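Visitor: Please pick one part of this model and look at it closely. Then work outward and show me what surrounds it.

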Amino acid sequence: KEIIEVNDVFFEFFNQYSSIDEFKLHYKCLCDLFVPMDNEQYLIKTEHWLEDVLDVKLNTYKVALYKDEHLHHFILKARRIDILDTSTNNVVLNLIDITELIEKDKILLNQTNMASLGEMIGNIAHQWRQPLSVISTAASGMKVQKEFDVLENKDFIKGMDAIVEATQYLSDTIEDFREFIKGDMKNTYFNIDETVNKSLIILDAKLKNNNIKVIKNIDTKLMINNAANGLVQSLVNIINNAIDALMVKEVEEKYIWIKVFRDEHDVVIEVMDNAGGIPADIIDKIFEPYFTTKHQSQGTGLGLNMTYRLINEVMFGVIFVQNDHYTYDDKTYEGAKFIIKLTSD
């Protein structure tokens with residue numbers, strides 16, 4: 001695929017070349033020019049990739065160009081054109097520079113990860129407070145009994161059993177958090193109910209401390225092939241958002257309902273609270289980065305944006321939110337309902 005001509009803007013980008021002939025001495029064909037970005041190994045040049053681009057009349061790809069040993073990111077649009085006086089296939093390539101957007105995206109992702117890490121540290125503190133108290137109470141109690149020579153075997157065994165049980169709980173929760181923070185987004189065939197439970201374990205202490213009841217309606221045999229950890233992170237963000245809303249509203253009976261079912265070709269996950277719903281003037285903005293209704297010390301507005309991106313870009317699903325009503329124990333409650341749809345085929 002020979003380069004025929006480039007415009008002045010292109011020469012401005014490659015300012016070390018002044019003519020097309022000089023340019024072609026270094027770049028014989030288009031394959032030498034572009035670096036594909038469609039997978040994790042996008043730095044590997046692939047001639048077949050570019051040929052695929054040129055085999056379509058109109059398509060859009062992400063590509064990169066090297067300049068001064070730096071990688072610049074572009075959107076490439078390829079369009080075939082017909083020229084009457086030649087039988088050669090001709091293609092016009094338009095390049096849109098998105099380098100600045102990519103850099104901003106990296107900053108946003110880092111800020112999101114830091115915000116999530118801060119949330120996780122807080123959740124770990126909540127989770128560990130009670131078992132650490134059990135260990136401390138059991139150990140100090142046995143020490144006092146031993147000092148007064150009143151420690152009986154049954155009390156010693158009971159205290160040690162309590163310590164062992166608490167330390168096992170700490171070990172289990174550390175493993176859950178480790179898997180969560182690791183962020184492995186590889187697709188696996190996983191059980192939806194077990195994945196929901198992992199999300200609830202991470203938030204267990206925060207739910208209990210705020211007297212929030214979680215009501216599940218899930219087919220325990222429902223399986224799906226997708227990024228399990230992506231779903232865990234998304235559910236943690238959604239449920240955490242519901243917890244915060246219930247705390248602000250100071251609702252007497254606090255509920256979060258989680259419903260999972262199969263709908264034709266999709267698995268549908270619904271998470272609803274009874275915090276009264278989201279105001280109509282902001283409900284369309286809650287997935288935007290940095291948008292938050294919380295005080296600056298309580299939230300960054302990145303959690304739901306990260307959830308939106310995980311569901312749409314990593315898991316290839318859709319997520320949306322609406323206000324709804326829910327009847328439970330003959331009472332009707334109003335709140336926000338987050339709906340996730342993932343292809344089950």
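Guide: Start at Gly 277, in the loop between β9 and α9. Helices (H or I, at least four residues) and strands (E, at least two) are DSSP runs, numbered from the N terminus. This is a predicted model: local features need pLDDT of at least 70, side-chain atom pairs count only at pLDDT 80 or more, and totals for chains, interfaces and linings use all residues. Residues are numbered from 1 along each chain as its sequence is written, and side-chain values use heavy atoms, with hydrogens and water left out.

Which residues does Gly 277 touch, beyond its neighbours within four places in sequence? Asn 323, Glu 334, Gly 335 and Ala 336 are in contact with Gly 277; contact means heavy atoms within 4.5 Å. Tyr 333 is 56 residues away from Gly 277 in sequence, yet 9.9 Å away in space, C-alpha to C-alpha.

Next, the sheet. Its 5 strands run in the order β6-β8-β9-β11-β10, as an open sheet with mixed pairing. Two strands pair if DSSP finds at least two bridges between them. β6 (212–218) and β10 (318–328) are the edges, each pairing on one side only. From one strand to the next, the twist averages 20 degrees. Helix α9 (residues 303–314) packs on this sheet. There α9 touches β10 and β11 (331–343), and its direction makes about 110 degrees with that of β10. Axes are lines fitted to C-alpha atoms, for helices over the stretch in contact, and angles run from 0 to 180 degrees between N-to-C directions.

At one edge, β10 and β11 run antiparallel, joined by 11 bridges. Phe 320 faces Ile 339 of β11. The two strands form a hairpin with 2 residues between them. In that turn, Asp 329 has a positive phi of about 50 degrees.

At the other edge, β6 runs parallel to β8 (residues 254–263), with 7 bridges. Asn 217 stands opposite Lys 259 in β8.

Now the helices. The axes of α8 and α9 come within 9 Å and cross at roughly 150 degrees. These two helices are therefore roughly antiparallel to each other. Angles under 35 degrees count as roughly parallel, over 145 as roughly antiparallel, 65 to 115 as roughly perpendicular and the rest as oblique. The α8–α9 crossing is left-handed. That label applies if the near helix is turned anticlockwise from the far one by less than a right angle; clockwise is right-handed. From α8 come Gly 230, Gln 233, Ser 234, Asn 237, Ile 238 and Asn 241; they meet Gly 303, Leu 304, Met 306, Thr 307, Leu 310 and Ile 311 in α9. By class, this contact holds 5 nonpolar, 7 polar and no charged residues. Ala, Val, Leu, Ile, Met, Phe, Trp, Tyr, Cys and Pro count as nonpolar, Asp, Glu, Lys and Arg as charged, and the others, Gly among them, as polar.

α8 (residues 228–249) also meets α6 (residues 192–202): their axes come within 9 Å and cross at roughly 45 degrees. The pair is therefore oblique, and the crossing is right-handed. The α6 side includes Ile 192, Val 196 and Leu 200; the α8 side includes Leu 231, Leu 235 and Ile 239. This contact has 10 nonpolar, 2 polar and 1 charged residues.

Last, confidence. Mean pLDDT is 77, and 70% of residues reach 70 or more; pLDDT is the predictor's confidence in each residue, from 0 to 100. Among the elements, strand β9 (residues 266–273) has the highest mean, 96, and helix α3 (residues 47–54) the lowest, 47. Residues 38–50 fall below 50, with 27 contacts in the model beyond near neighbours in sequence. Where pLDDT is low, the predicted coordinates should not be read in detail.
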